[in-house]
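Please consider the sequence and the model shown below. The paragraphs that follow lead from the sheet to the core and then to individual positions.

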Amino acid sequence: MRRRSFLKTGFLASTAAALAGNGRAGVVASTDKSTAPKRKILAWSHSYLDFQGEEADVRREFERARNSGIELLFLFIHSVPQENNAWYNTDLPGFVVEDRLTRLQRISGETGLEIHPVILGVSDTGLSKSVRAARSYASGAPGGHKRDGTLCATWEATRAGTLRIAADVIARHEPKGLQVDFIRYWDTGIGLDWPCTCAACRQGYREFLGHDSLTAADLKNPGILYKYLQFRNVIITSHLLNFRRLLKQSGLEYSIAARADYFGSALVEGQDWLSWGRQGLVDFICPMNYKLDRKEHREILDLQLQILDGAVPVYSGIGRKWSGGEITAEEMIRQAEDALDLGAAGISIFHFNALREADFLALKEFAKRL
Ligand SMILES: [Zn+2]
């Protein structure tokens with residue numbers, strides 16, 4: 001019984017059935033490629049960076065964005081990763097709260113620039129230090145690893161906590177949509193070298209391996225690697241479906257930000273987003289295709305669109321400025337044009353704070369193509 005407290009085996013079995021197509025066929029079959037989704041420009045924005053001025057100044061910023069063709073902002077309302085700031089109205093324990101969202105939603109209503117708050121896909125709040133440590137990724141690497149201490153998605157209680165946070169945002173702010181980011185394991189880059197050794201993961205390994213230790217050497221075996229990736233993907237997919245249930249009950253539009261490298265980081269981290277898209281489990285997807293090079297952006301987006309085959313709208317994430325570099329306004333527009341040419345529904349810019357006057361002018365010109 002203890003195993004099931006972590007993994008909810010029965011539910012995962014039904015999730016696997018859903019993944020296999022049972023019960024979801026109607027969603028796929030209903031995809032009508034003759035009805036093209038509305039083409040749009042979207043942008044990611046950070047509560048801690050953007051829109052800090054007087055109300056009239058913020059209204060002008062919203063109007064400028066709207067006039068340049070940007071229709072929707074994805075607004076991060078928590079610090080990343082998994083820290084404890086909440087920039088919206090909440091009294092959930094553990095958060096340091098400063099409500100910036102209420103004002104922005106009012107201005108959004110006045111200016112027509114829509115806001116979808118961004119929820120962190122694996123998060124929780126109000127945990128004691130010891131509980132947080134127990135539920136966190138534990139690499140087992142000699143001397144530890146920088147990823148140790150971030151919450152491990154295998155814990156059902158953590159996933160329930162994430163949904164509680166999302167439900168709270170929905171109840172208090174009634175947004176029209178929500179974007180889920182970081183819906184995946186957080187052990188970026190080392191999931192195959194140092195598989196998590198937390199209690200919940202070890203319980204899972206026991207179920208597919210017969211014992212609870214899993215090493216990088218084990219993962220050289222294709223069968224074990226397959227079972228490991230499946231274990232992670234089933235957990236994250238079940239979480240995605242729970243988000244879907246919550247958002248659809250509330251009539252919200254449901255989008256995700258997705259890892260660009262599907263066969264690399266995404267699948268290793270349990271984020272099988274192209275399968276989710278093919279099954280219509282989300283309303284639209286923003287793959288974070290941040291590239292300095294136009295050709296690389298084209299290639300990665302083309303592959304994604306080929307696999308999705310029109311099942312859901314894609315807004316290609318274009319990195320104007322991010323941890324990996326910066327591109328010019330002209331390059332941003334070139335990549336945006338490529339996105340439309342390849343069949344994406346539009347673009348999502350990372351990030352709003354990087355946009356300058358030249359960007360807004362260039363976007364306004366580009367928006368004529370939408
Ligand atoms: Zn774990």
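In what order do the eight strands of the open sheet lie? The order is S8-S7-S6-S5-S2-S1-S12-S9, with parallel pairing. Here strands (E, at least two residues) and helices (H or I, at least four residues) are DSSP runs numbered from the N terminus, and two strands pair if DSSP finds at least two bridges between them. The edges are formed by S8 and by strand S9 (315-319), each of which pairs on one side only. Averaged over the sheet and with direction ignored, neighbouring strands are turned by 25 degrees against each other; axes are lines fitted to C-alpha atoms, for helices over the stretch in contact, and angles between N-to-C directions run from 0 to 180 degrees.

Two points govern how the description should be read. The model is predicted, so that local features need pLDDT of at least 70 and side-chain atom pairs count only at pLDDT 80 or more, whereas totals for chains, interfaces and linings use all residues. Residue numbers start from 1 along each chain as its sequence is written.

The protein chain as a whole contains 14 helices and twelve strands. Its radius of gyration is 21 Å, close to the 21 Å given by the globule rule for 370 residues, so the chain is as compact as a globular protein of that length. This radius is taken over C-alpha atoms, and the rule is 2.2 Å times the number of residues to the power 0.38. Along the principal axes, the C-alpha atoms fill a box of roughly 60 × 45 × 40 Å. Of the 370 residues, 42% count as buried; a residue is buried if 20 or more other C-beta atoms lie within 10 Å of its own, exposed if 12 or fewer, and partly exposed in between, with C-beta atoms placed from the backbone. Among contacts between residues at least 6 apart in sequence, 80% join residues at least 24 apart, a contact being a pair of residues whose C-beta atoms, placed from the backbone, lie within 7 Å.

At one edge of the sheet, strand S7 (residues 253-258) and S8 (residues 284-287) pair in the parallel sense over four bridges. Ser255 has Phe284 of S8 as its bridge partner. Although S8 is an edge strand, both of its faces are covered: Phe284 and Cys286 on one side, and Ile285 and Pro287 on the other, are all buried. In a regular strand the side chains alternate between the two faces of the sheet. Further along, three bridges join S5 to strand S6 (residues 177-181) in parallel, and Leu120 stands opposite Asp181 in S6. Helix H5 (residues 101-111) lies across strand S2 (70-76) and S5, running at about 150 degrees to S5.

Towards the S9 edge, strand S12 (residues 346-350) has five of its five residues buried. Gly346, Ser348 and Phe350 point one way from S12, while Ile347 and Ile349 point the other way. S12 pairs in parallel with strand S1 (residues 40-46) over four bridges and with S9 over five bridges. In these pairings Leu42 stands opposite Ser348, and Ile318 stands opposite Ile349.

Leu42 also leads into the interior. The largest nonpolar core has 90 residues, and those with the most contacts inside it are Leu42, Ile77, Cys152 and Ile285. Such a core is a set of buried Ala, Val, Leu, Ile, Met, Phe, Trp, Tyr and Cys residues joined through C-beta atoms within 7 Å. Beyond four places in sequence, Leu42 touches residues including Ile70, Phe74, Cys286, Tyr315 and Ile347.

Helix H8 (residues 199-209) has Ala200, Cys201, Gly204 and Tyr205 as its buried residues. They cover an arc of only 140 degrees around the axis, which puts them on the same side of H8; the arc is that of the directions from the helix axis to the C-beta atoms. An α-helix has 3.6 residues a turn, so residues three or four places apart point the same way. H8 is followed by Gly210, whose phi is positive, near 90 degrees.

Two further positions differ in their surroundings. Asp124, in the loop between strand S5 (114-120) and H6, is buried, with 23 other C-beta atoms within 10 Å. Not counting residues up to four places away in sequence, Asp124 touches Leu151, Thr158, Gly161 and Thr162. Val131, in helix H6 (residues 129-134), is partly exposed, with 14 other C-beta atoms within 10 Å.

Key: Contact = placed C-beta atoms within 7 Å.
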